[in-house]
Amino acid sequence: MSTSNTSATKPEQNVRVWMDGCYDMVHFGHANACRQAKQMGTSLIVGVHSDEEITKHKGPPVFTEQERYKMVRAIKWVDQVVENAPYVTTLETLEDYNCAFCVHGDDITVTADGVDTYHIVKAAGRYRECKRTQGVSTTDLVGRMLLVTKSHHEPDDMLPDPENTRRMSLCKESVSPWTGASQFLATTNKIIQFSNGREPKPGDKVIYTAGAFDLFHVGHVDFLEKVKALGDYLIVGLHGDRVVNRYKGSNHPIMNIHERVLSVLACRYVDEVVIAAPYSVTMDLINHFKVSLVVHGQTDYEPDVDGSDPYEVPKKLGIFQQIDSGNPLTTQDIITRIIDNRLQYEKRNKKKEAKEAAAYEAFQKLKAENRNESTAVNIV
């Protein structure tokens with residue numbers, strides 16, 4: 001495998017970096033890969049595969065290509081998105097976009113025929129790796145949503161393949177060496193890496209909005225883009241897991257507070273995140289962050305535990321506004337997509353795991369053969 005040690009790699013001047021993928025259900029793991037790739041150069045060009053290509057090689061995506069294009073454009077480290085990028089990365093693609101090399105995570109992605117999608121750029125020495133973010137994967141998230149159906153949407157005896165669903169959700173016994181995910185644990189260093197590190201300047205109009213922002217999706221992106229346009233500095237308050245569960249119910253939130261923090265911080269429209277923000281917007285919060293405007297979407301919101309209006313204070317101050325994002329997509333809509341097509345997604349994930357496991361076994365065998373050859377030469 002032709003790779004370089006990214007930890008020792010310093011970006012050169014005017015180096016354009018290529019990265020591509022499906023970017024289905026974009027999460028903070030995708031964003032972290034983009035962050036690492038951007039550090040290897042000066043501009044990051046991201047190619048996103050079409051629905052047709054993904055369906056051919058992996059199975060149906062959860063999000064449409066237009067939704068996926070918009071999601072990737074919203075990642076703060078992405079400079080350009082190339083739509084309908086080829087599934088197998090070629091040297092022609094790198095040349096067309098004037099990219100020095102291609103970056104991908106330290107896992108293997110394969111075509112419908114089981115061929116490494118990066119074999120061409122690897123052979124040409126124009127491939128580098130970034131570290132995969134442990135604790136999250138699209139397969140894992142789909143599994144979590146499928147598990148919701150077991151307890152909250154259907155009787156247990158109607159759930160297809162419950163053991164597989166449980167296994168996918170927990171991701172502790174996954175066949176694939178990469179799609180298995182342990183529980184994600186946030187660190188202060190990771191939050192700092194995702195943060196803008198920018199304070200509001202004197203005179204900046206500070207906007208505050210709050211919510212669950214679970215399974216961060218294109219509806220959230222459209223909303224935050226419109227909110228940011230109302231001011232200069234956008235602060236997003238993220239409610240804690242117990243608070244979200246109180247007003248969402250079921251098994252919500254799907255993603256824990258640490259995962260949601262990184263997902264929102266990765267959005268280019270967000271400047272700061274308040275972790276486990278109070279459900280009611282208080283005068284202390286408004287004064288502390290010097291908030292000029294508090295914004296909420298057009299969706300209904302629940303009263304606080306004491307029955308009070310969570311936006312009572314900003315309303316009295318005349319600094320509360322509700323806006324329409326123009327995108328009706330909700331987190332529940334995504335879960336519904338998964339539930340409605342769960343058999344397809346389970347089949348897709350099983351197929352994907354089998355191909356990855358076979359590719360990994362071949363890769364390990366090749367490594368062992370190379371080691372044996374090296375040892376034989378040294379002995380001679």
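How many of the 12 residues of helix H1 are buried? The count comes to 10 of 12, so H1 is mostly covered, with buried meaning under 20% relative accessible area. The structure discussed here is a predicted model.

Some chain-wide numbers set the scene. The protein chain carries 15 helices and 10 strands. It runs to 380 residues, and 52% of them count as buried. Among contacts with a separation of 6 or more, 78% come from residues 24 or more positions apart.

Back to H1, which covers residues 28-39. A length check works out nicely: at 1.5 Å a residue the helix should span 16 Å, and its end C-alpha atoms sit 16 Å apart, which agrees. The buried set in H1 consists of Phe28, Gly29, His30, Ala31, Asn32, Ala33, Cys34, Arg35, Gln36 and Ala37. Two members of that set, alanine 31 and glutamine 36, are worth a look one by one.

Alanine 31 belongs to helix H1. Its relative accessibility is 2%, and since buried means under 20%, alanine 31 counts as buried. What does alanine 31 touch, once residues up to four places away in sequence are set aside? The list reads Ile75, Trp77, Phe194 and Ala266. With isoleucine 75, the C-alpha separation is 6.3 Å, even though the two residues are 44 residues apart along the chain.

Glutamine 36 is also part of helix H1. Buried or exposed? With a relative accessible area of 13%, glutamine 36 is buried. Apart from neighbours within four places in sequence, glutamine 36 is in contact with Cys130 and Lys131. Valine 103 lies 67 residues from glutamine 36 in sequence, while their C-alpha atoms are 9.0 Å apart in space.

Next comes a helix pair. Two packed helices are described by the angle between their axes and the distance between those axes. For helix H3 (residues 65-73) and helix H9 (residues 218-228), the axes come within 9 Å and cross at roughly 50 degrees. H3 and H9 are therefore oblique to each other. The crossing of H3 past H9 is left-handed. On the H3 side the contact is made by Glu67, Lys70 and Met71, and on the H9 side by Val218, Val221 and Asp222. Sorted by class, that contact of H3 with H9 comprises 3 nonpolar and 3 charged residues, with no polar ones.

How much of H9 is buried? Of its 11 residues, 9 are buried, so H9 is largely enclosed by the rest of the structure. Those buried residues are Val218, Gly219, His220, Val221, Asp222, Phe223, Leu224, Val227 and Lys228. All three H9 residues named in the contact with H3, namely Val218, Val221 and Asp222, appear in that buried list. The cover over the buried residues of H9 includes H3, strand S6 (206-211), strand S7 (233-238), strand S9 (291-296) and helix H14 (331-340).

Histidine 220 gives a single-residue view of helix H9, where it is placed. At 12% relative accessibility, histidine 220 counts as buried. Leaving out residues up to four places away in sequence, histidine 220 touches Phe213, Asp214, Leu215 and Thr331. Cysteine 267 is 47 residues away from histidine 220 in sequence, with the C-alpha atoms 9.7 Å apart in space.

The backbone has a few quirks too. Which peptide bond is cis, with omega near 0 degrees? That is the bond from histidine 252 to proline 253. Proline 253 sits in the loop between helix H10 (241-248) and helix H11 (257-265).

Positive phi values turn up as well. Methionine 25 is not a glycine, yet its phi is positive at about 55 degrees. This methionine is found in the loop between strand S1 (16-21) and H1. At 4% relative accessibility, methionine 25 counts as buried. Asparagine 98, another residue other than glycine, has a positive phi near 55 degrees. Its place is the loop between helix H4 (91-96) and strand S4 (101-105). At 58% relative accessibility, asparagine 98 counts as exposed, whereas methionine 25 is buried.

How values were computed. Residues are numbered from 1 along each chain as its sequence is written. This is a predicted model: local features need pLDDT of at least 70, side-chain atom pairs count only at pLDDT 80 or more; totals for chains, interfaces and linings use all residues. Side-chain values use heavy atoms; hydrogens and water are left out. Axes are lines fitted to C-alpha atoms, for helices over the stretch in contact, and angles run from 0 to 180 degrees between N-to-C directions. Helices (H or I, at least four residues) and strands (E, at least two) are DSSP runs, numbered from the N terminus. Angles under 35 degrees count as roughly parallel, over 145 as roughly antiparallel, 65 to 115 as roughly perpendicular and the rest as oblique. A crossing is left-handed if the near helix is turned anticlockwise from the far one by less than a right angle, and right-handed if clockwise. Contact means heavy atoms within 4.5 Å. Ala, Val, Leu, Ile, Met, Phe, Trp, Tyr, Cys and Pro count as nonpolar, Asp, Glu, Lys and Arg as charged, and the others, Gly among them, as polar. The expected span of a helix is 1.5 Å times one less than its number of residues. Buried means under 20% relative accessible area, exposed over 50%, partly exposed in between (1.4 Å probe, protein chains only).
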